[in-house]
Amino acid sequence: MGTHRAAFRSGAYYPSFFLKLYQHYVLGYTLPVVWACDPETTLVPYFTEGFTANHLDCGVADGYFPCRSVELLGTADGGSHLTFLDLNPSSLEAARRRLLSLAPGMDVRCIKADIRAPLPAELAGSSFTSISMFNLFHCVPGGAEKWRSISTYKEVLSADGVVTGCTILGKSYITSRLARLTMRFYNLLGPFSNWDDSREDVEEVLNQEFSEVETKLVGMVLLFRARKPKRH
């Protein structure tokens, strides 16, 4: 049990049934009801605004958000490139299958990597016009240091590119008794590691690494977008 909990916390292990239920449970229930942020009216438009034909998606779950963007933007034809990056091979395969069933002509690449580690060798020399980090960091352990991953992946963003993300914040942002109970349970069980996550920590890293930064809080979910990466 301890081994599975540690793997679940790291993002390396998700039961296959979780991926099958992701859209219904996470997107259909916990985000709109528990965390007070509706995916369809808030997150899908925000993701789509930051989605281009040369995109890196970090933390893919089942591929829902990039697939919805492809549907909305009509970028299902050839000439578009999408790279999925995740620590969980089950998520990578589920997202790849989902996208190719929708857009068989799209160039899709999957990279298994820990977002906290240095850039994987597969990304050496890459340059993306957009990078997404959606519903990722509240699952990543490491305290405030985990936000340094934004600095790492900024290095593969083009000068005119954009980083878009969202994350569920911690105890200081709880909006209801249900949210508090769910947050405690998820942090104890392992899928979440965000009890102390704060808006200030996210904004500090973003402002250090980008010249243009915007954030907004919807319920307990912080949405962020950054442009003009600083080259130190």
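In this predicted model, helix 3 (residues 39–49) packs on helix 4 (residues 64–73) at an angle of about 75 degrees, their axes 9 Å apart. Angles of 65 to 115 degrees count as roughly perpendicular, so helix 3 is roughly perpendicular to helix 4. Helix 3 contributes Glu40, Leu43, Val44, Phe47 and Thr48 to the contact. From helix 4 come Tyr64, Phe65, Pro66, Arg68, Ser69, Leu72 and Leu73.

Helix 4 also packs on helix 5 (residues 89–102). Here the axes come within 9 Å and cross at roughly 10 degrees. Angles under 35 degrees count as roughly parallel, so helix 4 runs roughly parallel to helix 5. On the helix 4 side, the residues are Tyr64, Cys67, Val70 and Glu71. They meet Arg98, Leu99 and Leu102 in helix 5. Tyr64 of helix 4 thus appears in the contacts with helix 3 and with helix 5.

The two contacts break down by residue class as follows.

| Contact | Nonpolar | Polar | Charged |
|---|---|---|---|
| Helix 3 with helix 4 | 8 residues | 2 residues | 2 residues |
| Helix 4 with helix 5 | 5 residues | no residues | 2 residues |

Next, the surface. Leu21, Tyr25, Tyr29, Val33 and Leu178 make a nonpolar patch of about 430 Å². Helix 2 (residues 16–34) supplies the largest share of this patch, 4 residues. Val33 is one of the patch residues and lies in helix 2.

Technical notes
Residues are numbered from 1 along each chain as its sequence is written. This is a predicted model: local features need pLDDT of at least 70, side-chain atom pairs count only at pLDDT 80 or more; totals for chains, interfaces and linings use all residues. Side-chain values use heavy atoms; hydrogens and water are left out. Axes are lines fitted to C-alpha atoms, for helices over the stretch in contact, and angles run from 0 to 180 degrees between N-to-C directions. Helices (H or I, at least four residues) and strands (E, at least two) are DSSP runs, numbered from the N terminus. Angles under 35 degrees count as roughly parallel, over 145 as roughly antiparallel, 65 to 115 as roughly perpendicular and the rest as oblique. Contact means heavy atoms within 4.5 Å. Ala, Val, Leu, Ile, Met, Phe, Trp, Tyr, Cys and Pro count as nonpolar, Asp, Glu, Lys and Arg as charged, and the others, Gly among them, as polar. Patches are made of residues with over 30% relative accessible area and no salt bridge: like charges are joined within 9 Å, nonpolar side chains (Val, Leu, Ile, Met, Phe, Trp, Tyr) within 5 Å. Accessible areas come from the Shrake-Rupley method with a 1.4 Å probe; for residues, only the protein chains shown count as cover. A salt bridge is a side-chain nitrogen of Lys or Arg within 4 Å of a carboxyl oxygen of Asp or Glu.
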